[in-house]
Amino acid sequence: MRFLSTSARNLNVRLRFLEENKMYQTTYLKIEKKDIPKELNYSEQNGTVCLQYGKAYPFYIKLPIILNEDLAKIAAMILDGCVGKNYSSVMFSQKKDLQKVKEFADICYKYFGISGRITEKNGCLMLHISRSTFSRFLHSCLDIHKSDEDARIPKWIWNSPENVVITYLRYAFAMEGSVYDYRKGNDVRFHSVDLSYLQELCKLLNTKFDIRSKILKYYIKDYGYKYMLYFGDKENVTKFLRIGFALKSHQKRLEDVVKNFKSKAWEITLVKLLDLKEKFFSIRDVHKLFNYLCRRAIHARITTLIQKRYLSIDKKGYFVTQVGRKKARELKNSVNITRLRTNPELNEQQIFSYIQRSKTSYRNEITRNLKINNATVRDVLNRLINKNKIELIKVDKLQRKFYAIKKKPKRILALAQK
């Protein structure tokens, strides 16, 4: 198959192509002789192919080239690098994970026999490969964008086996992606200046992995507009765990986020219903499983399950449907059978005591030291303010809000002493 330069490719045409190629191929794609563009001079001797552009330095390969996981890594890592707009060189830099520079260089040498020059500046490693022929090959045959073009997902990634697609996404998110510490939030994010790339990425995640995401435009002072693809709900983040990050720190955070997700009430109820021995059951039977809940709460959960078609009812009573049993088996290993909610009075007592000991404190500090969810801390602080137990005393230059125990007026103190 032929991979041509796409500098003038219409985005709607690309997205239509992506829509038509949802299914995975079962075998690796290949670059063969017919895929080499005419601009590269082709010669062959003893099974080794020599490619050369004009009078530039040639490089040697063996055909066919298998479009495997290693080349998917190159296609993704170039997001933190570029192919020169005049095909003068290939550059890749990295500061988060310096080992990636060596990995990029090793793949180039392993498949194309090309080595580059690695330099270091301010803790950042940079790989330079000054080969015009190699640059043209990456652009024409691997569909990698040039520095003066919008970023794009190479066409062959869409038609490759699942493990190649996953490898591409793992490395792409390692370059431009991020994930919050689970105590601050659940969002998985991907930043780019190229809206068209994020639209393709959104499509890829949705069609291949059923991960639904949104795109947000934002402004950075002294820089300009950027775009962010993001998703943060339990279902989509859990699905993304199958992909993950090719970066240890980010992967650890992602695993912590998934581990600390709270299961929904209907999920806990559906899984627990499998413990019932009888096929048909009543509200009273469910109450025995959740004796700490009132009947109204149990009735609300059962109503939700019926709306989702996981439960049904007839003259004999309630029963779990086939769809419900299948869903319960899927959820069994991921659902934590807990009381779902923490004790609000205990949270208030812990946070109030912490502020009392610390004199002053801000939300993220409380979250970090007490290991309580950030949203829960926010709600408790608002309740304590409403109860006149604490007050906001200052906002620093980082926009952190500091709280302290609210002082009683002197007049009230005098009356209390009498």
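1. A word on terms before we start: two strands count as paired if DSSP finds at least two bridges between them. With that in hand, look at β3 and strand β4 (residues 59-61) in this predicted model. Three bridges join β3 to β4, and the two strands run antiparallel. That count satisfies the definition, so β3 and β4 are a pair. Six residues lie between these strands in a hairpin, and in its turn Gly-54 has a positive phi of about 55 degrees.

2. On its other pairing, β3 (residues 48-52) meets strand β2 (residues 41-45), again antiparallel, through five bridges. If you would like one contact to find on screen, try Glu-44, whose bridge partner in β3 is Val-49. The hairpin of β2 and β3 has two residues between the strands, and Asn-46 takes a positive phi near 55 degrees there.

3. Leu-51 is a good residue to follow through this region. Leu-51 sits in strand β3 and stands opposite Phe-59 in β4. The C-alpha atoms of Leu-51 and Ile-61 are 7.9 Å apart, with 10 residues separating the two along the chain. Is Leu-51 buried or exposed? Leu-51 has a relative accessible area of 0%, so it counts as buried, the cut-off being under 20%.

4. Turning to charged pairs, how many salt bridges does a search of the whole structure find? The search gives 22. One of these joins Glu-162 to Arg-242, with the closest N and O atoms 1.6 Å apart. This pair links distant parts of the chain, 80 residues apart: Glu-162 belongs to helix α6 (residues 162-176), while Arg-242 lies in the loop between α8 (234-240) and α9 (248-259). Glu-162 is partly exposed at 26% relative accessibility, and Arg-242 is also partly exposed, at 49%.

5. Other salt bridges connect residues at shorter sequence spacings. Within helix α8, Lys-239 and Glu-235 are four residues apart, about one turn of the helix. Their side chains form a salt bridge, with 3.3 Å from N to O. Lys-239 has a relative accessible area of 24%, so it is classed as partly exposed. Elsewhere, Asp-70, Lys-73, Glu-103 and Lys-110 are joined into one network by salt bridges that share partners. Asp-187 and Arg-189 form a salt bridge too, their closest N and O atoms being 3.4 Å apart.

6. Now for the interior. Nonpolar side chains tend to be buried together in soluble globular proteins. Here the largest nonpolar core has 75 residues, and the members that touch the most others are Phe-137, Trp-156, Tyr-168, Leu-169, Tyr-197 and Leu-201. Helix α6 supplies the largest share of this core, 10 residues. Both domain 1 (20-149) and domain 2 (150-261) contribute, with at least three residues drawn from each.

7. Last, have a look at the outside. A nonpolar patch on the surface is formed by Val-193, Ile-220 and Tyr-223, which together have about 280 Å² of accessible area. Where does Val-193 lie? Val-193 is in the loop between β11 (188-192) and α7 (195-209). At 42% relative accessibility, Val-193 is partly exposed.

How values were computed
Residues are numbered from 1 along each chain as its sequence is written. This is a predicted model: local features need pLDDT of at least 70, side-chain atom pairs count only at pLDDT 80 or more; totals for chains, interfaces and linings use all residues. Side-chain values use heavy atoms; hydrogens and water are left out. A salt bridge is a side-chain nitrogen of Lys or Arg within 4 Å of a carboxyl oxygen of Asp or Glu. Buried means under 20% relative accessible area, exposed over 50%, partly exposed in between (1.4 Å probe, protein chains only). Patches are made of residues with over 30% relative accessible area and no salt bridge: like charges are joined within 9 Å, nonpolar side chains (Val, Leu, Ile, Met, Phe, Trp, Tyr) within 5 Å. Accessible areas come from the Shrake-Rupley method with a 1.4 Å probe; for residues, only the protein chains shown count as cover. A nonpolar core is a set of buried Ala, Val, Leu, Ile, Met, Phe, Trp, Tyr and Cys residues joined through side-chain atoms within 4.5 Å. Domain bounds come from an automatic or database domain assignment.
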